[in-house]
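The exercises below are to be worked with the model open beside the text. Each one sets a task and then follows the solution step by step.

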Amino acid sequence: MKDVKGKVAFITGGASGMGLGMARAFAAASMKVMIADIEEGPAQKAVDELKAKGYEAACVKVDVTKLEDVQAAAKKTIETFGKVHVLCNNAGIAIGGKSETASMRNWHWVMDVNLWGVVHGLQVFMPLLKAHGEGGHVVNTASMAGMYGIRNSGPYNASKFAVVGITETMMGENRKTGIGISLMCPGVVNTNLGTSGRNRQEDYGGAVGDKESGLGALTNGLDPNIVGKLVLEAILDDQPYIFTDPALRNLVELRTKRILAGYDWADKAKALEGAVQSSALPG
Ligand SMILES: NC(=O)c1ccc[n+]([C@@H]2O[C@H](COP(=O)([O-])OP(=O)(O)OC[C@H]3O[C@@H](n4cnc5c(N)ncnc54)[C@H](O)[C@@H]3O)[C@@H](O)[C@H]2O)c1
(Lines give C-alpha, C1' and ligand atoms only; values in the text may rest on other atoms or scores of the structure.)
Protein backbone atom coordinates (compact mmCIF):
# COMPACT_ATOMS: atom_id res chain seq x y z
CA MET A 1 0.00 0.00 0.00
CA LYS A 2 1.43 3.34 -0.99
CA ASP A 3 -0.94 5.44 1.07
CA VAL A 4 -2.47 4.38 4.38
CA LYS A 5 -4.12 7.66 5.36
CA GLY A 6 -7.77 7.06 6.30
CA LYS A 7 -7.42 3.30 5.78
CA VAL A 8 -8.69 0.82 8.39
CA ALA A 9 -6.55 -1.69 10.29
CA PHE A 10 -7.75 -4.67 12.33
CA ILE A 11 -5.13 -5.84 14.83
CA THR A 12 -5.47 -8.99 16.92
CA GLY A 13 -3.60 -8.84 20.21
CA GLY A 14 -3.68 -5.06 19.78
CA ALA A 15 -4.00 -4.33 23.51
CA SER A 16 -0.39 -5.11 24.41
CA GLY A 17 3.16 -5.41 23.16
CA MET A 18 3.75 -5.38 19.43
CA GLY A 19 0.03 -5.20 18.56
CA LEU A 20 -0.27 -2.05 20.64
CA GLY A 21 2.90 -0.74 18.97
CA MET A 22 1.23 -1.28 15.59
CA ALA A 23 -1.96 0.43 16.75
CA ARG A 24 0.05 3.47 17.87
CA ALA A 25 2.09 3.66 14.67
CA PHE A 26 -0.92 3.16 12.40
CA ALA A 27 -3.04 5.72 14.25
CA ALA A 28 -0.20 8.26 14.10
CA ALA A 29 -0.19 7.71 10.31
CA SER A 30 -3.89 8.71 10.25
CA MET A 31 -5.24 5.17 9.97
CA LYS A 32 -8.41 4.05 11.74
CA VAL A 33 -7.63 1.24 14.15
CA MET A 34 -9.72 -1.62 15.50
CA ILE A 35 -8.03 -3.27 18.46
CA ALA A 36 -9.17 -6.87 18.89
CA ASP A 37 -8.08 -8.62 22.04
CA ILE A 38 -9.13 -11.16 24.63
CA GLU A 39 -8.26 -8.58 27.33
CA GLU A 40 -11.03 -5.99 27.38
CA GLY A 41 -9.56 -3.58 29.97
CA PRO A 42 -6.18 -3.04 28.27
CA ALA A 43 -7.89 -2.83 24.86
CA GLN A 44 -10.18 -0.04 26.09
CA LYS A 45 -7.21 1.70 27.72
CA ALA A 46 -5.38 1.63 24.39
CA VAL A 47 -8.42 3.10 22.63
CA ASP A 48 -8.67 5.86 25.25
CA GLU A 49 -4.97 6.67 24.76
CA LEU A 50 -5.34 6.92 20.98
CA LYS A 51 -8.57 8.91 21.13
CA ALA A 52 -7.00 11.38 23.58
CA LYS A 53 -4.49 12.13 20.81
CA GLY A 54 -7.32 12.79 18.35
CA TYR A 55 -6.96 9.47 16.52
CA GLU A 56 -9.79 7.19 15.38
CA ALA A 57 -9.83 3.90 17.28
CA ALA A 58 -12.23 1.31 18.66
CA CYS A 59 -11.92 -2.09 20.29
CA VAL A 60 -13.68 -5.41 20.33
CA LYS A 61 -13.33 -8.39 22.63
CA VAL A 62 -12.25 -11.43 20.68
CA ASP A 63 -10.84 -14.84 21.43
CA VAL A 64 -9.08 -15.71 18.18
CA THR A 65 -9.47 -19.43 18.86
CA LYS A 66 -13.20 -18.98 18.21
CA LEU A 67 -14.23 -18.42 14.59
CA GLU A 68 -17.57 -16.91 15.68
CA ASP A 69 -15.72 -14.29 17.78
CA VAL A 70 -13.62 -13.27 14.78
CA GLN A 71 -16.73 -13.11 12.59
CA ALA A 72 -18.49 -10.89 15.15
CA ALA A 73 -15.38 -8.68 15.37
CA ALA A 74 -15.37 -8.28 11.59
CA LYS A 75 -19.03 -7.26 11.67
CA LYS A 76 -18.27 -4.65 14.32
CA THR A 77 -15.29 -3.36 12.32
CA ILE A 78 -17.43 -2.86 9.20
CA GLU A 79 -20.23 -1.25 11.26
CA THR A 80 -17.72 1.12 12.89
CA PHE A 81 -15.40 2.02 10.01
CA GLY A 82 -17.18 0.82 6.84
CA LYS A 83 -14.24 -1.13 5.37
CA VAL A 84 -11.06 -2.87 6.37
CA HIS A 85 -7.73 -2.66 4.51
CA VAL A 86 -5.03 -4.00 6.84
CA LEU A 87 -5.21 -7.25 8.78
CA CYS A 88 -2.61 -7.93 11.47
CA ASN A 89 -2.86 -11.50 12.73
CA ASN A 90 -0.71 -10.83 15.74
CA ALA A 91 -2.37 -12.28 18.86
CA GLY A 92 -0.22 -15.03 20.28
CA ILE A 93 0.87 -16.86 23.38
CA ALA A 94 4.10 -18.62 24.32
CA ILE A 95 4.63 -21.84 26.17
CA GLY A 96 7.92 -23.55 26.81
CA GLY A 97 8.63 -27.26 26.76
CA LYS A 98 9.70 -30.13 24.55
CA SER A 99 7.30 -31.60 22.00
CA GLU A 100 7.28 -34.96 23.76
CA THR A 101 6.71 -33.68 27.30
CA ALA A 102 4.62 -30.48 27.00
CA SER A 103 1.13 -31.11 28.37
CA MET A 104 -1.45 -31.90 25.72
CA ARG A 105 -3.62 -29.00 26.89
CA ASN A 106 -0.75 -26.58 26.33
CA TRP A 107 -0.10 -28.14 22.91
CA HIS A 108 -3.73 -27.50 22.00
CA TRP A 109 -3.72 -24.01 23.51
CA VAL A 110 -0.66 -22.82 21.60
CA MET A 111 -1.87 -24.28 18.29
CA ASP A 112 -5.40 -22.94 18.78
CA VAL A 113 -4.22 -19.36 19.44
CA ASN A 114 -1.09 -19.09 17.29
CA LEU A 115 -2.16 -21.19 14.31
CA TRP A 116 -5.97 -21.36 14.28
CA GLY A 117 -6.20 -17.71 15.36
CA VAL A 118 -4.31 -16.77 12.19
CA VAL A 119 -6.44 -19.09 10.05
CA HIS A 120 -9.64 -17.60 11.47
CA GLY A 121 -8.38 -14.08 10.74
CA LEU A 122 -7.58 -15.01 7.14
CA GLN A 123 -10.86 -16.83 6.50
CA VAL A 124 -12.96 -13.96 7.82
CA PHE A 125 -10.97 -10.93 6.69
CA MET A 126 -9.43 -11.81 3.30
CA PRO A 127 -12.82 -11.52 1.53
CA LEU A 128 -13.33 -8.12 3.23
CA LEU A 129 -9.88 -6.88 2.16
CA LYS A 130 -10.60 -7.89 -1.42
CA ALA A 131 -14.22 -6.64 -1.48
CA HIS A 132 -13.61 -2.89 -1.92
CA GLY A 133 -10.89 -2.99 -4.60
CA GLU A 134 -8.80 -0.35 -2.78
CA GLY A 135 -5.98 -2.79 -2.01
CA GLY A 136 -4.85 -4.02 1.34
CA HIS A 137 -2.18 -5.74 3.35
CA VAL A 138 -1.89 -8.73 5.68
CA VAL A 139 0.80 -9.00 8.34
CA ASN A 140 1.05 -12.38 10.05
CA THR A 141 3.18 -12.40 13.17
CA ALA A 142 5.26 -15.57 13.37
CA SER A 143 8.61 -15.51 15.17
CA MET A 144 12.27 -16.38 14.77
CA ALA A 145 10.89 -19.60 16.29
CA GLY A 146 9.31 -20.10 12.86
CA MET A 147 12.68 -19.78 11.15
CA TYR A 148 14.74 -21.94 13.46
CA GLY A 149 13.87 -24.74 15.86
CA ILE A 150 14.61 -23.12 19.22
CA ARG A 151 15.35 -25.72 21.89
CA ASN A 152 12.76 -26.55 24.54
CA SER A 153 10.01 -24.79 22.58
CA GLY A 154 8.69 -27.60 20.35
CA PRO A 155 4.97 -26.73 20.41
CA TYR A 156 5.59 -22.97 20.09
CA ASN A 157 8.00 -23.56 17.19
CA ALA A 158 5.42 -25.80 15.51
CA SER A 159 2.77 -23.07 15.72
CA LYS A 160 5.14 -20.46 14.28
CA PHE A 161 6.56 -22.68 11.50
CA ALA A 162 2.92 -23.23 10.49
CA VAL A 163 2.35 -19.47 10.27
CA VAL A 164 5.49 -19.16 8.13
CA GLY A 165 4.19 -21.87 5.77
CA ILE A 166 0.76 -20.28 5.45
CA THR A 167 2.17 -16.80 4.88
CA GLU A 168 4.82 -17.80 2.34
CA THR A 169 2.13 -19.69 0.41
CA MET A 170 -0.07 -16.59 0.41
CA MET A 171 2.76 -14.44 -0.97
CA GLY A 172 2.65 -16.45 -4.20
CA GLU A 173 -1.13 -16.67 -4.27
CA ASN A 174 -1.61 -12.90 -3.90
CA ARG A 175 0.88 -11.53 -6.41
CA LYS A 176 -1.94 -10.15 -8.55
CA THR A 177 -4.69 -9.52 -6.00
CA GLY A 178 -3.59 -6.09 -4.79
CA ILE A 179 -3.19 -7.52 -1.28
CA GLY A 180 0.36 -7.31 0.07
CA ILE A 181 1.47 -10.14 2.32
CA SER A 182 4.07 -9.82 5.06
CA LEU A 183 5.51 -12.35 7.43
CA MET A 184 6.90 -10.89 10.64
CA CYS A 185 9.54 -12.88 12.52
CA PRO A 186 10.48 -10.89 15.62
CA GLY A 187 13.51 -11.60 17.74
CA VAL A 188 13.27 -10.71 21.43
CA VAL A 189 10.82 -7.86 22.01
CA ASN A 190 9.99 -6.30 25.37
CA THR A 191 6.33 -7.29 25.69
CA ASN A 192 4.04 -9.17 28.05
CA LEU A 193 4.52 -12.49 26.20
CA GLY A 194 6.33 -13.91 29.23
CA THR A 195 3.05 -13.75 31.14
CA SER A 196 0.94 -15.31 28.37
CA GLY A 197 -0.46 -17.76 30.93
CA ARG A 198 -2.64 -14.94 32.22
CA ASN A 199 -4.84 -15.47 29.15
CA ARG A 200 -5.09 -19.27 29.17
CA GLN A 201 -8.78 -20.00 28.74
CA GLU A 202 -10.75 -22.40 30.96
CA ASP A 203 -10.88 -24.94 28.08
CA TYR A 204 -7.11 -25.39 28.46
CA GLY A 205 -6.98 -25.41 32.27
CA GLY A 206 -7.42 -21.71 33.07
CA ALA A 207 -4.99 -18.93 33.87
CA VAL A 208 -1.56 -20.05 34.90
CA GLY A 209 1.65 -18.49 36.23
CA ASP A 210 4.59 -16.92 34.42
CA LYS A 211 6.73 -20.07 34.35
CA GLU A 212 4.56 -21.72 31.69
CA SER A 213 5.94 -19.53 28.91
CA GLY A 214 9.52 -20.55 29.65
CA LEU A 215 10.57 -17.06 28.57
CA GLY A 216 11.14 -15.09 31.74
CA ALA A 217 11.05 -11.32 31.54
CA LEU A 218 11.72 -9.89 28.09
CA THR A 219 12.91 -6.56 29.43
CA ASN A 220 16.16 -6.69 27.44
CA GLY A 221 14.16 -6.93 24.20
CA LEU A 222 13.39 -4.35 21.55
CA ASP A 223 10.85 -1.59 22.26
CA PRO A 224 7.52 -2.83 20.77
CA ASN A 225 6.72 0.70 19.60
CA ILE A 226 9.71 0.45 17.25
CA VAL A 227 8.23 -2.81 15.93
CA GLY A 228 4.95 -0.96 15.28
CA LYS A 229 6.78 1.65 13.19
CA LEU A 230 8.70 -1.12 11.40
CA VAL A 231 5.45 -2.86 10.43
CA LEU A 232 4.03 0.39 9.06
CA GLU A 233 7.21 0.91 7.02
CA ALA A 234 6.97 -2.66 5.70
CA ILE A 235 3.36 -2.16 4.62
CA LEU A 236 4.29 1.02 2.74
CA ASP A 237 7.28 -0.77 1.14
CA ASP A 238 5.26 -3.94 0.43
CA GLN A 239 8.04 -5.85 2.19
CA PRO A 240 7.37 -9.61 2.43
CA TYR A 241 9.73 -10.50 5.31
CA ILE A 242 9.87 -8.35 8.45
CA PHE A 243 12.77 -9.18 10.75
CA THR A 244 13.17 -7.09 13.89
CA ASP A 245 16.72 -8.19 14.74
CA PRO A 246 19.12 -8.26 11.76
CA ALA A 247 21.77 -9.94 13.96
CA LEU A 248 19.69 -13.14 13.99
CA ARG A 249 20.20 -13.79 10.26
CA ASN A 250 22.91 -16.23 11.35
CA LEU A 251 20.19 -18.65 12.52
CA VAL A 252 18.56 -18.63 9.08
CA GLU A 253 21.98 -19.11 7.46
CA LEU A 254 22.75 -22.00 9.82
CA ARG A 255 19.43 -23.72 9.10
CA THR A 256 19.81 -23.23 5.34
CA LYS A 257 23.34 -24.68 5.50
CA ARG A 258 22.03 -27.76 7.32
CA ILE A 259 19.20 -28.22 4.83
CA LEU A 260 21.54 -27.93 1.85
CA ALA A 261 23.85 -30.48 3.47
CA GLY A 262 20.85 -32.81 3.34
CA TYR A 263 20.70 -32.35 -0.45
CA ASP A 264 24.45 -32.96 -0.73
CA TRP A 265 23.91 -36.23 1.15
CA ALA A 266 20.92 -37.16 -1.08
CA ASP A 267 23.10 -36.57 -4.19
CA LYS A 268 25.31 -39.42 -3.01
CA ALA A 269 22.72 -41.67 -1.34
CA LYS A 270 22.89 -45.24 -2.68
CA ALA A 271 19.10 -45.71 -2.59
CA LEU A 272 18.58 -42.81 -5.03
CA GLU A 273 21.22 -43.88 -7.56
CA GLY A 274 19.59 -44.03 -11.02
CA ALA A 275 16.10 -43.33 -9.59
CA VAL A 276 13.64 -41.68 -12.01
CA GLN A 277 11.43 -38.91 -10.55
CA SER A 278 9.53 -35.89 -11.87
CA SER A 279 11.27 -33.09 -9.89
CA ALA A 280 8.19 -30.88 -10.40
CA LEU A 281 5.99 -30.10 -7.41
CA PRO A 282 2.23 -29.68 -7.83
CA GLY A 283 1.05 -26.06 -8.21
N1 LIG B 1 7.83 -10.71 22.45
C2 LIG B 1 8.64 -11.43 21.73
O3 LIG B 1 9.85 -11.51 22.00
C4 LIG B 1 8.13 -12.17 20.53
C5 LIG B 1 9.03 -12.76 19.65
C6 LIG B 1 8.59 -13.43 18.53
C7 LIG B 1 7.23 -13.48 18.26
N8 LIG B 1 6.34 -12.91 19.13
C9 LIG B 1 4.91 -12.96 18.76
O10 LIG B 1 4.41 -11.65 18.73
C11 LIG B 1 2.98 -11.67 18.89
C12 LIG B 1 2.56 -10.58 19.85
O13 LIG B 1 2.98 -10.93 21.15
P14 LIG B 1 3.68 -9.91 22.15
O15 LIG B 1 5.08 -10.33 22.27
O16 LIG B 1 3.34 -8.52 21.77
O17 LIG B 1 2.97 -10.35 23.52
P18 LIG B 1 1.86 -9.63 24.45
O19 LIG B 1 1.46 -10.66 25.45
O20 LIG B 1 2.36 -8.34 24.96
O21 LIG B 1 0.67 -9.38 23.44
C22 LIG B 1 -0.13 -10.44 22.95
C23 LIG B 1 -1.57 -10.00 22.93
O24 LIG B 1 -2.38 -11.09 22.45
C25 LIG B 1 -3.55 -11.17 23.26
N26 LIG B 1 -4.12 -12.52 23.22
C27 LIG B 1 -3.64 -13.64 23.82
N28 LIG B 1 -4.45 -14.68 23.58
C29 LIG B 1 -5.47 -14.21 22.80
C30 LIG B 1 -6.62 -14.79 22.22
N31 LIG B 1 -6.91 -16.09 22.40
N32 LIG B 1 -7.44 -14.01 21.47
C33 LIG B 1 -7.17 -12.70 21.30
N34 LIG B 1 -6.10 -12.08 21.84
C35 LIG B 1 -5.27 -12.83 22.58
C36 LIG B 1 -3.08 -10.76 24.64
O37 LIG B 1 -4.15 -10.35 25.47
C38 LIG B 1 -2.11 -9.64 24.32
O39 LIG B 1 -2.76 -8.40 24.29
C40 LIG B 1 2.66 -13.10 19.31
O41 LIG B 1 2.14 -13.80 18.19
C42 LIG B 1 3.99 -13.67 19.73
O43 LIG B 1 4.04 -15.07 19.59
C44 LIG B 1 6.76 -12.27 20.24
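Helices and strands are here DSSP runs, with H or I over at least four residues for a helix and E over at least two for a strand, and they are numbered from the N terminus. The model is a predicted one.

**Exercise 1. Place Ser30 and Asn152 among these elements, and state what their backbones share.**

Step 1. Ser30 is found in the loop that lies between helix 1 and strand 2, whereas Asn152 sits in the loop between strand 5 and helix 5.

Step 2. The phi of Ser30 is near 70°, which is positive although the residue is not a glycine; Asn152, likewise a residue other than glycine, has a positive phi near 60°.

Step 3. A residue counts as buried with 20 or more other C-beta atoms within 10 Å of its own, as exposed with 12 or fewer, and as partly exposed in between. Ser30 has 13 such neighbours and is therefore partly exposed, and for Asn152 the count is 13 as well, so that Asn152 is also partly exposed.

**Exercise 2. Describe the overall fold and decide whether the radius of gyration agrees or disagrees with that of a compact globule.**

Step 1. The protein chain holds 7 helices and 7 strands, and along the sequence these follow the pattern β-α-β-α-β-α-β-α-β-α-β-α-β-α.

Step 2. For 283 residues a compact globule would have a radius of gyration near 19 Å, and because the protein chain has 20 Å, the value agrees. Along the principal axes, the C-alpha atoms fill a box of roughly 70 × 45 × 35 Å.

Step 3. Of the 283 residues, 43% are buried. Among the contacts with a separation of 6 or more, 72% join residues that are 24 or more positions apart.

**Exercise 3. Determine which residues of helix 3 are buried and how they are arranged around its axis.**

Step 1. Helix 3 runs over residues 67–81, and its 15 residues should span 21 Å at 1.5 Å a residue; since its end C-alpha atoms are 21 Å apart, the length agrees.

Step 2. Val70, Ala73, Ala74, Thr77 and Phe81 are the buried residues of this helix. Viewed down the axis of helix 3, the buried residues fall within an arc of 105°, and so they line one face. An α-helix has 3.6 residues a turn, so residues three or four places apart point the same way.

Step 3. On the face of helix 3 turned away from the buried side are the exposed residues Glu68, Lys75 and Glu79.

Step 4. The cover over the buried residues of helix 3 includes strand 1 (8–12), strand 2 (32–37), strand 3 (57–61) and helix 4 (104–131). Helix 3 is followed by Gly82, which has a positive phi near 90°.

**Exercise 4. Carry out the corresponding analysis for helix 6, covering its length, its buried residues and their packing partners.**

Step 1. Helix 6 comprises 14 residues, 224–237, and reaches 20 Å from its first C-alpha to its last, close to the 20 Å expected at 1.5 Å a residue.

Step 2. Its buried residues are Pro224, Val227, Gly228, Leu230, Val231, Leu232, Ala234 and Ile235. The buried residues of helix 6 pack against helix 1, strand 4 (86–89), strand 5 (136–141), strand 6 and strand 7 (241–243).

Step 3. Just after helix 6 comes Asp238, with a positive phi of about 50°.

**Exercise 5. Characterise the shell around the ligand, and then find what Asn192 touches.**

Step 1. There are 33 residues around the ligand, and those that come nearest are Gly13, Ser16, Gly17, Gly92 and Thr191.

Step 2. By class, the shell divides into 15 nonpolar, 15 polar and 3 charged residues. Helix 1 (residues 17–28) gives the most to this shell, with 3 residues.

Step 3. Asn192 is placed in the loop between strand 6 and helix 6, and with 19 other C-beta atoms within 10 Å it is partly exposed. Leaving aside residues up to four places away in sequence, Asn192 touches Ser16 and Gly17.

Step 4. Asn192 and Ala217 are 25 residues apart in sequence, and their C-alpha atoms are 8.1 Å apart in space.

Key
Residues are numbered from 1 along each chain as its sequence is written. This is a predicted model: local features need pLDDT of at least 70, side-chain atom pairs count only at pLDDT 80 or more; totals for chains, interfaces and linings use all residues. A residue is near a molecule or strand if its C-beta atom, placed from the backbone, lies within 6 Å of it. Ala, Val, Leu, Ile, Met, Phe, Trp, Tyr, Cys and Pro count as nonpolar, Asp, Glu, Lys and Arg as charged, and the others, Gly among them, as polar. The expected span of a helix is 1.5 Å times one less than its number of residues. The arc is that of the directions from the helix axis to the C-beta atoms. Two residues are in contact if their C-beta atoms, placed from the backbone, lie within 7 Å. The radius of gyration is taken over C-alpha atoms; the globule rule is 2.2 Å times the number of residues to the power 0.38.
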